[in-house]
Amino acid sequence: NEPAKKINVDQVAYVPGLTKHATLTSDATAAQTWALKNAAGATVATGQTTPKGLDAASGDRVHLIDFSSFNTPGTGYALTVGTETSFPFDIGTTAFSKLRYDSLAYFYHNRSGIEIQAQYVGETYARPAGHLNVAPNQGDNNVPCLATLSCGYNLDVRGGWYDAGDHGKYVVNGGISAWQVLNTYERAKLIGDAAALGDGKLRIPEGANGVPDILDEARWEVEFLLKMQAPNGMVHHKIHDVNWTGLPLLPHEDPQPRRLSDTSTAATLNTAAVAAQAARIWKTIDPTFSAKAQAAAVKAYAAAKANPNKIADPNDGTGGGSYSDPTVTDEFYWAAAELFTTTGESTYRSDLTSSPHYRAASLDDRGFDWGATGPLGDITLALVPNGLPASDVTAIKNAFVAIADKHLTQMASQGYPAPYKTRTGEYDWGSGGLIANNTAVLALAHDFTGQAKYREGVFQALHYFLGRNPLSYSYVTGYGEQPVKNVHHRHWANQLDPELPTAPPGALSGGPNSALQDPIAARLLQGCAPQKCFVDHIEAYSVNEVTVNWNSAFAWVANWAAEKVTT
Ligand code: 9MR
C-alpha cells in the first residue's frame, strides 16, 4: 500500500453549506490546532481538534477536525496540523456531475457479447466483443448445461455484463445490479431529477435512440436475464468458464469452454423481480418489450412457487463463483412486491402481505446485498404507487428512517464514519457495496422525511469512499489524489501487463474485508483492524475486486448525491 496520511480528508470535494469533517491520527490526548490552507498556502480558517481516543474500526487514535463553517468554493485546499498536511481537495460540487455518469459507465465497459468501441470509451479501453464463439473464445451462443445435468437443451445466453474481474455472468448478482440501475431511474422519475438521466447522458451505442441511456444500459442486462430462463420457467443460476482462467486475459481471448449451471429458485425469483420492474418501466417506452418481460416474470414466479427450495450448490465454485443463497424467503418477497406493484393482482398481494419480510421486517443495519434482497422490495413499495394500505407504506418508510438513525448513531462514534455494522464488528467481502447500500438507506430516509441529518450522513459516507479512511485511499478509481489503481480485473490489468490500462474512472473497489480470503490478503494483512484489511493489489481479489453489484449500489448513491448538489 501507499503510505497513509496522518490527516485524512475527502480527496475529491466537500460541498458548500454541508458539514465538513476530516480525521487526524494522533496519540496526543489534548486538542490540537488545525489550519485550512488555500491553494496559495494562505491560512483561511483555523480551529481545535476534538480528541476521540481509540477508534475500533481503524485501530487508530483519532481526533475530529470540523471545518464546516468554511464555505468558499475553490480547489487545492489542504488541512494542516503541525507539520502534517492532508491531500488537497476542493470545496465545490462539480465532481458530482461527473461521478454520477462515470459510475454508470462501468457497465458499458463490462458488457459481454458486443464490441466496446473507442468512440465511447477511447482507444485505451476499446476491445473486441467477448464470448461470441470467435476463436479462441468458445462463446455463449449455444451453451450446454453442466455435464452432470441432463437438461436436454442448450441456450443462447450472449450479452449481459461480466460480473466482476472474472468472465462469469451470474443471475442472482446481475439481478440486484440491473434492479439498482433501474431503480436509480425510477426513483428519479417519481421524486427526483429524471432529466439528468435522459437520452444522450452516457457514452453508449444507444445514445441517440430517444430512450434514457440508463435504461438502455440496464436493458442490456435484463435481456440477458430473460435468456437464462429455461423452457419450464425456472432460470439458470449462472454461466461461466469450465475452469478458472488467470490474469491478465481479455474477454475475447478467453479459451475456456462455457457451461450453464442448474436452475435455482433464487435466480428464478431474481429474474421475476427484475422483469416485473422492467415491465412497468418500459410500459409506454416499448410495449412489446414490456409485455415480454411481464410474461417472463409471471412464468418465473409460478415456476419458483412450484420449485420453492432449489438451492444452488454452495460448492460449485470451479471456473466461477457459487453465489449460493440458502434462504429464498426474501427473494420470494422481492419478486411478489415487484409483480404486485406492476400488475396489482391479488395473488401477489396476498403472498406479499403474508411474507415474514412484509413492511421492511428484514431491513437491518448490516444492510442488503445479492443474498439479502427483501429491502429491494421495500424500496419499490415505498417509492412506486401501489394498492397497499397507506399505513403499511408509512410503516415501510418508517423502517428505513429507523435504520438510518442507527447508522447515524454508529457513525457519530467512529473516527472514519461509514454506515455499516456486522454482527461480529468486522468488515465483510464487498464492504464497499454494503456501505453504499446503507448509504442508500440514509438517502431514502432523507427522501421520506426531508431531514438534513440524513443527507449529511450520505455525504459523510461519500467522504469515507473518497479518502477519509485510515488507509488514505479513494476506493473509487480515478477520483482523488490517491485512488486505488490495481483492482482485481482481467483486462484492467496494468499491474501485470503495462500494455493494458488501469480501471477507468468510477469503479468502486470491494474494500476492506477482515476475513482475508485470498492468498495476498492472508500474507500481508494478518491482525488488521477492520477498516485496514485492504491492499491495492490486483491478485487480492477478496479485498480489491470490482463488481456490477457494488458499482450499481455506488452509482445509485452518486446519482442521488449529484441530484442534491448540482442543477
Ligand atoms: O460478492 C461476493 C461475496 O459476497 C462472497 O462472499 C464471495 C465469496 O463467495 O463472492 C463474491 O462474489 C464474487 C463471485 O463469486 C465471482 N465473481 C466476483 C465476485 C466479487 O468478488
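How high is the average pLDDT of the protein chain, and what share of the residues score at least 70? Here are my notes, starting with that.

1. **Confidence.** Keep in mind that you're looking at a predicted model. The protein chain averages a pLDDT of 97, and 100% of the residues score at least 70. For the complex, the predictor reports an ipTM of 0.98 along with a pTM of 0.99.

2. **Around the ligand.** Find the ligand and see who sits around it: Asp163, Ala164, Asp166, Gly168, Gly321, Ser322, Tyr323, Trp429, Gly430, Tyr541, Glu545 and Thr547. Sorted by class, that shell comes to 4 nonpolar, 5 polar and 3 charged residues. Hang on to Glu545 from this list, since the next point picks it up.

3. **Glu545.** An unreviewed UniProt entry has an "active site" annotation that covers Glu545 together with Asp536. On the chain, Glu545 belongs to the loop between H14 and helix H15 (548-565). Is it buried or exposed? Glu545 counts as buried because 23 other C-beta atoms lie within 10 Å. Setting aside residues within four places in sequence, its contacts are Ala164, Gly165, Val487, His488 and Gly510. Ala164 should look familiar: that residue is also on the list around the ligand.

4. **Asp536.** The other residue under the UniProt "active site" annotation is Asp536. Look for Asp536 in the loop that runs between helix H13 (519-524) and helix H14 (541-544). Asp536 has 20 C-beta neighbours inside 10 Å, so it counts as buried; the cut-off for that label is 20 or more. Not counting residues up to four places away in sequence, Asp536 touches Asn1, Tyr473, Val484, Lys485, Asn486 and Asn544.

5. **Helix H1.** Now jump to residues 94-109, which form helix H1. Its 16 residues reach 23 Å from the first C-alpha to the last, close to the expected 22 Å. How much of H1 is covered? Mostly: 13 of the 16 residues are buried. While you're there, remember that an α-helix has 3.6 residues a turn, so residues three or four places apart point the same way.

6. **Asp378.** Here's a charged residue to check inside a helix: Asp378 sits in H9 (residues 374-383). Asp378 is buried, because 27 other C-beta atoms lie within 10 Å. Beyond its neighbours within four places in sequence, Asp378 is in contact with Ala360, Leu363 and Ile396. You can also measure across to Val393 on screen: 15 residues separate Asp378 from Val393 in sequence, and their C-alpha atoms are 8.8 Å apart in space.

7. **Two cis peptide bonds.** Where should you look for these? One joins Ala135 and Pro136, with omega at about 5°. Pro136 is in the loop between helix H2 (118-121) and strand S11 (169-170). Another joins Leu247 and Pro248, with omega at about -5°. Pro248 falls in the loop between strand S13 (238-241) and strand S14 (258-260).

8. **Positive phi without glycine.** Asn133 is not a glycine, but its phi is positive, near 70°. Asn133 lies in the loop between H2 and S11, and Pro136 is in that loop too. With 13 other C-beta atoms within 10 Å, Asn133 is partly exposed. Ser472 also has a positive phi, about 60°, although it is not a glycine. Ser472 is in the loop between helix H12 (452-465) and H13. Why does Ser472 count as buried? Because 23 other C-beta atoms lie within 10 Å.

Definitions and conventions:
Residues numbered from 1 in each chain as written. Predicted model: local features only at pLDDT ≥ 70, side-chain atom pairs only at ≥ 80, totals over all residues. Near = placed C-beta within 6 Å. Helix = DSSP H or I, 4+ residues; strand = E, 2+ residues; numbered from the N terminus. Expected span 1.5 Å × (residues − 1). Buried ≥ 20, exposed ≤ 12 C-beta atoms within 10 Å, placed from the backbone. pLDDT = per-residue confidence, 0-100. UniProt positions renumbered as here; feature names shortened; annotations may be inferred. Contact = placed C-beta atoms within 7 Å.
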